[in-house]
Amino acid sequence: MFGTIVTVCMVIMAVCLLVVLGALILTKDELSRAVMADVVFYTMVVIFLVWTLTKQTMIGYEIPILAALVCGVIPTIAMARIISRGRR
């Protein structure tokens, strides 16, 4: 039962990921693209994290922790550069 619920959740997240990817391709605004790129990355990390609930893995939680550390700094700097249009 738990495996079925996790599978349904992963399918829902995958559909949402595809919707965001479609919107990312169709939009012209740079700020919206930057935000949607972050949403795509976080969704992929969450899908991996939910997948590790049902599969036995040695590095199940190291990858999301590393992703959180890296994605806490780099997207913030990139978003600031996009909003300011490259001005310092």
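Helices are DSSP runs of H or I with at least four residues, numbered from the N terminus. The views below show a predicted model.

**View 1. Val70 in helix α3.** Val70 has its place in helix α3. Its relative accessible area is 39%, and because partly exposed residues lie between the limits of 20% and 50%, Val70 belongs to that class.

**View 2. A nonpolar patch on the surface.** Val70 is one of the residues of this patch, together with Phe2, Leu49, Leu53, Tyr61, Ile65, Leu66 and Leu69. Their combined accessible area is about 810 Å². Helix α3, spanning residues 62-83, contributes 4 residues, the largest share of the patch.

**View 3. Helix α1 and its buried residues.** Helix α1 runs over residues 2-26 and comprises 25 residues. From the first C-alpha to the last, helix α1 reaches 36 Å, close to the 36 Å expected at 1.5 Å a residue. Val6, Met13, Leu17 and Val20 are the buried residues of α1. Helix α2 (30-51) is included in what covers them.

**View 4. The largest nonpolar core.** Eight residues make up this core, namely Val6, Met13, Leu17, Val20, Met36, Val40, Ile47 and Val50. At least two of them are supplied by each of α1 and α2. In soluble globular proteins, nonpolar side chains tend to be buried together.

**View 5. Contacts of Val50.** Val50 is a member of the largest nonpolar core. When neighbours within four places in sequence are left aside, Val50 is in contact with Val6, Met10 and Met13. Among these partners, Val6 and Met13 are also listed in the core.

Notes:
Residues are numbered from 1 along each chain as its sequence is written. This is a predicted model: local features need pLDDT of at least 70, side-chain atom pairs count only at pLDDT 80 or more; totals for chains, interfaces and linings use all residues. Side-chain values use heavy atoms; hydrogens and water are left out. Patches are made of residues with over 30% relative accessible area and no salt bridge: like charges are joined within 9 Å, nonpolar side chains (Val, Leu, Ile, Met, Phe, Trp, Tyr) within 5 Å. Accessible areas come from the Shrake-Rupley method with a 1.4 Å probe; for residues, only the protein chains shown count as cover. A salt bridge is a side-chain nitrogen of Lys or Arg within 4 Å of a carboxyl oxygen of Asp or Glu. Helices (H or I, at least four residues) and strands (E, at least two) are DSSP runs, numbered from the N terminus. Buried means under 20% relative accessible area, exposed over 50%, partly exposed in between (1.4 Å probe, protein chains only). The expected span of a helix is 1.5 Å times one less than its number of residues. Contact means heavy atoms within 4.5 Å. A nonpolar core is a set of buried Ala, Val, Leu, Ile, Met, Phe, Trp, Tyr and Cys residues joined through side-chain atoms within 4.5 Å.
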